[in-house]
Amino acid sequence: MYIFIVNPIAGKGQGLKILNKLKKNILFKQIPSRCFITDYPGHAELLARQAVKMYPTQIKSLIVIGGDGTFYEVLNGTSSHRSVPLSFIPAGSGNDFARGYRIKGNPSKILKRIIEGNSTLCWPGSFTINERQSQPPKLFANSIGFGFDAQIVKTANQSKYKGWLNKWNLGTLTYVIALIDVLRKFKPKTIELVIDGQKRKLENVWMVTISNHSYYGGGMKIIPNTKIQPRVFPMLIIKNISHWKVLALFVTVFWGGHIRFKEVSIEYISSLQISSDSLIDYQVDGQYGTCYSCKIMKQSTTREINGTMSENNLLEITS
Ligand SMILES: Nc1ncnc2c1ncn2[C@@H]1O[C@H](COP(=O)(O)OP(=O)(O)OP(=O)(O)O)[C@@H](O)[C@H]1O
């Protein structure tokens, strides 16, 4: 059984268009399938949870047609059924997950690879906001970021120009405009970090971002040449930098040149706790929120991602 969870409004209506096209595809007609359409934000998580309960052993792949936000919801909705393979047919405006996991080609080609069983392993990150111990940690597939990038996501998501630019396939420009807007008023923070058990207090911090793969904000190479690894992920910190230099730095993010700036550091870690006396803005897989503290861990359990270009092509095992 192939389960499709479709966000009809992803990419300004691309989600539904792709599903309707796929329904005419001969391969689609040959496979046992059920399609579920999301009606509201958060619905994909609920649908995914219900689908894995309804078909506990029969799901060959749970296929998301949508953007990174929908994939994030499905990843979390299936977190207690990690043996269920996931697939992603990108229909969103950003599609960083597809870039990071080399899910390329048109939807029919991706569906063919899904059915053929081409797959890659993914180790999602987990995070807990404000140490809410009563709630289980949530998962992220792409990145979690605190500070400047979170404010950019908030501004971009609330903007009127996002929808308009997405229509013209200019999703990345949304983030560039939002960046300039946020830059004018942004104030760096003092934060406390506990990195793999080691405490650090950092002043004048612009952003702290952890990413499971290289891409971010609709194609920016935030941590270039990231190898997806089972036990660690890269953390990027930007601090002690002038407003003007941030602008120059973000121009170079598109080819990964920003990592040469002395204000940028990258280290590979497996756990991080971040806290501050005042509210910290965060974004997780493009969804915005605020917190006083957050605990992030690299998950040791895998998810199988179907429809990628070749098996384990991204993997570098570290011991
Ligand atoms: N029927 C719906 N109406 C309104 N919002 C919805 C609906 N279905 C899903 N959503 C919400 O839409 C948001 C955006 O979806 P998604 O991320 O899939 O697309 P996108 O923003 O176009 O792509 P990307 O995240 O890759 O830029 C998600 O947070 C999701 O919860």
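Modeller: A quick word first: UniProt positions are given in the numbering used here, with shortened feature names, and annotations may be inferred rather than shown by experiment. Residues are numbered from 1 along each chain as its sequence is written. This is a predicted model, where local features need pLDDT of at least 70, side-chain atom pairs count only at pLDDT 80 or more, and totals for chains, interfaces and linings use all residues.

Colleague: Okay, which residues does the UniProt annotation "domain: DAGKc" cover?

Modeller: That annotation comes from an unreviewed UniProt entry. Over its stretch the chain is 39% helix and 23% strand. The residues covered are 1-131.

Colleague: And how far apart are the centres of domain 1 and domain 2?

Modeller: Domain bounds come from an automatic or database domain assignment. Here domain 1 is 2-122 + 301-306 and domain 2 is 125-298. Taken over C-alpha atoms, their centres are separated by 25 Å.

Colleague: Which helix supplies the largest share of the side of domain 1 that touches domain 2?

Modeller: Contact means C-beta atoms, placed from the backbone, within 7 Å, and 17 residues of domain 1 contact 20 of domain 2. Helix 4 and helix 5 (96-100) each supply at least two residues of that side of domain 1; helices (H or I, at least four residues) are DSSP runs numbered from the N terminus. The largest share, six residues, comes from helix 4.

Colleague: What about the ligand: which helix gives the most to its shell?

Modeller: The ligand is surrounded by 22 residues, counted when the C-beta atom, placed from the backbone, lies within 6 Å. Pro41, Gly67, Gly69, Gly92 and Gly94 are the closest. With four residues, the top giver is helix 4 (residues 68-77).

Notes
Two residues are in contact if their C-beta atoms, placed from the backbone, lie within 7 Å.
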